[in-house]
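Student: I would like to practise reading a protein model feature by feature. Could you walk me through one?
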Amino acid sequence: MKSNTARMKPSWETPTDLSGDAVVEISGSLRKLLADVFTLYLKTKNFHWHMSGKHFREYHLLLDEQSDQIFAMTDEIAERARKLGGATIHSIRDIAEHQRLKDNNAEFVPPQDMLTELRGDNLQLTRELRVTHKLCEQYDDVATASLIENWIDETERRTWFLSEIVADR
């Protein structure tokens with residue numbers, strides 16, 4: 001006997017005036033962004049937990065603040081994909097299959113290297129956000145584009161803070 005969940009078809013379709021192609025492409029791009037944001041969140045938390053050195057408190061608190069901001073993006077991204085009628089991330093494996101940002105599994109990373117790596121990841125996320133924004137413009141999806149503009153601003157702010165810390169002056 002088959003379980004009810006095996007026989008049930010997902011009812012993800014949400015009424016939208018966007019074309020089917022727009023839903024597929026934008027929600028697919030949002031899925032990749034979500035995987036990247038989860039990756040950046042976990043890396044930022046990892047570095048927050050493993051921070052050391054003479055600026056421990058300052059960097060520890062900064063990365064905690066940044067990880068909270070990054071985590072807040074996850075729900076907005078996933079819900080936007082669902083509002084369009086698309087699917088989103090289902091599991092850790094799903095994240096691994098879609099992420100473009102690299103994990104860091106090193107046992108020890110010096111504090112300056114942590115901050116430099118996070119700066120680079122935030123820069124890459126900004127580039128990925130801009131690509132998705134252009135896709136939204138192509139399909140006249142102003143709602144998703146508007147959200148992305150805010151995420152770009154937040155990501156640029158994180159990049160700025162990290163850049164100022166690691167600047168060799």
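Tutor: Happily; we will go from the overall fold to the pocket, the aromatic pairs and a few single residues. Keep in mind that this is a predicted model.

Student: Let's begin with the fold. How many helices and strands does the protein have?

Tutor: The secondary structure comes to six helices and zero strands, so the order of elements from the N terminus is simply α-α-α-α-α-α. The C-alpha trace spans about 60 × 45 × 20 Å along its principal axes.

Student: What share of the residues counts as buried, and how much surface is exposed?

Tutor: Of the 169 residues, 44% count as buried. The protein exposes about 10100 Å², and 52% of that area is supplied by carbon and sulfur atoms. For contacts, look at sequence separation: among those between residues at least 6 apart in sequence, 83% join residues at least 24 apart.

Student: Now the pocket. How do I read empty space in a model?

Tutor: Rolling a probe the size of a water molecule over the atoms shows where empty space is left. Here, the largest pocket holds about 180 Å³ of space.

Student: Which residues line the largest pocket, and which helix gives the most?

Tutor: The lining is made of Phe-38, Thr-39, Tyr-41, Leu-42, Ile-92, Ile-95, Ala-96, Gln-99 and Asp-103. Helix α2 gives the most, with four residues. Both α2 (20-49) and α4 (92-98) supply at least two residues each. By character, the lining divides into six nonpolar, two polar and one charged.

Student: Tyr-41 is aromatic. How should I describe a pair of rings?

Tutor: A pair of aromatic rings is described by the distance of the centres and the angle of the planes. This structure holds two such pairs. In one of them, Tyr-41 and Phe-71 sit 5.0 Å centre to centre with 45° between the planes, a tilted arrangement. Tyr-41 belongs to helix α2 and Phe-71 to helix α3 (residues 56-83), so this pair ties together parts that are 30 residues apart in sequence. Phe-71 is partly exposed, at 42% relative accessibility.

Student: And what is the geometry of Trp-160 and Phe-161?

Tutor: Their ring centres are 5.2 Å apart and their planes lie at 85°, so that pair is edge-to-face. Phe-161 is partly exposed too, with a relative accessible area of 28%.

Student: Let's look at backbone angles. What should I expect of phi?

Tutor: Most residues other than glycine have a negative phi, and most peptide bonds are trans. Asp-140 has a positive phi of about 60° although it is not a glycine. Asp-140 is found in the loop between α5 (111-138) and α6. With a relative accessible area of 58%, Asp-140 is exposed.

Student: Is Thr-144 buried or exposed, and what is Thr-144 in contact with?

Tutor: Thr-144, in helix α6 (residues 142-166), is buried at 0% relative accessibility. Leaving aside neighbours within four places in sequence, Thr-144 is in contact with Ile-26, Leu-30, Arg-80, Leu-84 and Cys-136.

Student: Where is Thr-159 placed, and which residues does Thr-159 touch?

Tutor: Thr-159 is in helix α6 as well, and counts as buried at 8% relative accessibility. Not counting residues up to four places away in sequence, Thr-159 touches Arg-119, Asn-122 and Leu-123. Thr-159 and Leu-123 are 36 residues apart in sequence, yet 6.5 Å apart in space, C-alpha to C-alpha.

Key
Residues are numbered from 1 along each chain as its sequence is written. This is a predicted model: local features need pLDDT of at least 70, side-chain atom pairs count only at pLDDT 80 or more; totals for chains, interfaces and linings use all residues. Side-chain values use heavy atoms; hydrogens and water are left out. On a 1 Å grid over the protein atoms alone, a cavity is a set of points where a 1.4 Å probe fits but cannot get out, and a pocket is an open set with protein on both sides within 12 Å along at least five of seven lines; lining residues have an atom within 4 Å of a point. Grid points are joined across faces, edges and corners, and a volume is the space filled by probe spheres set on the points. Ala, Val, Leu, Ile, Met, Phe, Trp, Tyr, Cys and Pro count as nonpolar, Asp, Glu, Lys and Arg as charged, and the others, Gly among them, as polar. Buried means under 20% relative accessible area, exposed over 50%, partly exposed in between (1.4 Å probe, protein chains only). Contact means heavy atoms within 4.5 Å. Accessible areas come from the Shrake-Rupley method with a 1.4 Å probe; for residues, only the protein chains shown count as cover. Rings of Phe, Tyr and Trp (its six-membered ring) pair if their centres lie within 6.5 Å; planes under 30 degrees apart count as stacked, over 60 as edge-to-face and the rest as tilted.
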